[in-house]
Amino acid sequence: MGVNPININLKENLFNVEEKIEKSLLKVGRKDKVELIAVTKTQPIENVKSIIDLGVKNIGENRVQELVQRVEEIGQVVDYHMIGHLQSNKVKDIIDNIRLLHSLDRMSLVKELNKRSKMRNKVIDVLIQVNVAEEMSKFGFKVSDVIPFIEQVVGYEHIRIKGLMTMAPFTDDELLLRKVFKTMYNLKEDISKRNYQHISMEFLSMGMTNDYEIAIEEGSNMVRVGTGIFGERY
Ligand SMILES: *Cc1c(COP(=O)(O)O)cnc(C)c1O
């Protein structure tokens with residue numbers, strides 16, 4: 001079998017991303033770890049398998065149908081992350097397959113998640129999506145709505161809030177990006193201090209191809225990178 005040239009690029013791209021993650025941690029003197037979630041949306045299965053062979057452990061998809069397809073094709077040899085807006089009627093399709101839902105963005109979804117997890121006698125781990133810059137095009141809570149929302153969710157026993165997620169505005173404005181990420185970090189710290197039962201702030205999921213290094217410098221410990229590994233989506 002010949003060497004697929006695509007795989008060579010993937011290897012180099014992945015290595016570069018991993019190296020930049022380490023450099024960003026070093027730059028701010030962090031000794032903890034960052035988890036890399038490879039966002040595989042629209043990628044052919046060969047590419048997904050290649051990066052798994054290269055050691056990737058976490059796969060992110062933003063659509064239920066694609067996520068379910070990945071699970072069927074690849075199986076539970078990696079962890080799956082649902083990172084996109086989730087319709088309530090699709091909860092049942094992914095509840096058994098994901099390690100983490102990054103996009104809890106409304107109360108009605110809590111009810112469905114809790115109901116479906118309870119039926120399966122399990123607990124689902126979720127992150128609350130925050131729309132820090134209050135962009136019309138994005139889902140997620142306003143910063144000021146997050147704590148009131150958590151106080152409503154505390155009683156749902158089949159859901160565990162494990163942290164926060166955001167998508168920063170797509171911009172080169174580094175100051176704006178830092179401001180968004182700092183706001184997230186401070187919110188996470190504030191929530192941690194409140195010691196809510198069953199709620200931890202273990203994960204801060206922020207940083208995509210455009211901004212993951214800055215996000216790490218500002219405290220992210222989960223980055224979701226697609227283009228940086230696979231190139232422009234086609
Ligand atoms: C597509 C997507 C990403 C990855 O974006 P890239 O810019 O390709 O790295 C991360 N998070 C979410 C929620 C996405 O939909």
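**Ligand site and a salt bridge**

The space taken by the ligand is the largest pocket in this structure. Please keep in mind that the model is predicted.

I will start with what surrounds the ligand. Going up the sequence, the shell begins with Val39, Lys41, Asn62 and Ile83. Met167, Met208 and Thr209 are also part of the shell. The list then takes in Arg224, Val225, Gly226 and Thr227, and it ends with Arg233. By residue class, this shell splits into 5 nonpolar, 4 polar and 3 charged residues.

Now the polar contacts. Thr209 puts a polar side-chain atom 2.4 Å from an oxygen atom of the ligand. For Arg224, a polar side-chain atom lies 2.9 Å from a nitrogen atom of the ligand. Gly226 takes part through its backbone: one of its polar backbone atoms is 2.8 Å from a ligand oxygen. As for cover, the ligand taken alone exposes 390 Å², and the protein buries 92% of that.

Next, salt bridges. How many are there? The count comes to 19 salt bridges, taking a side-chain nitrogen of Lys or Arg within 4 Å of a carboxyl oxygen of Asp or Glu. One of them joins the side chains of Glu217 and Lys27, at 3.3 Å from N to O. Glu217 lies in helix α8, residues 212–217, and Lys27 lies in helix α1, residues 5–27, so this pair ties together parts that are 190 residues apart in sequence.

To go back to the ligand once more: its polar contacts include the side chains of Thr209 and Arg224, and the backbone of Gly226. That is all I have.

Conventions
Residues numbered from 1 in each chain as written. Predicted model: local features only at pLDDT ≥ 70, side-chain atom pairs only at ≥ 80, totals over all residues. Heavy atoms only, no water. Near = heavy atom within 4 Å. Polar contact = N/O pair within 3.5 Å; in protein donor to acceptor, adjacent residues only side chain to side chain. Areas by Shrake-Rupley, 256 points an atom, 1.4 Å probe, with all protein chains shown as cover. 1 Å grid on protein atoms, 1.4 Å probe; cavity = no way out; pocket = protein on both sides within 12 Å on 5 of 7 lines; lining within 4 Å. Sits in = over half its atoms within 2 Å of the grid points. Nonpolar A, V, L, I, M, F, W, Y, C, P; charged D, E, K, R; others polar. Helix = DSSP H or I, 4+ residues; strand = E, 2+ residues; numbered from the N terminus.
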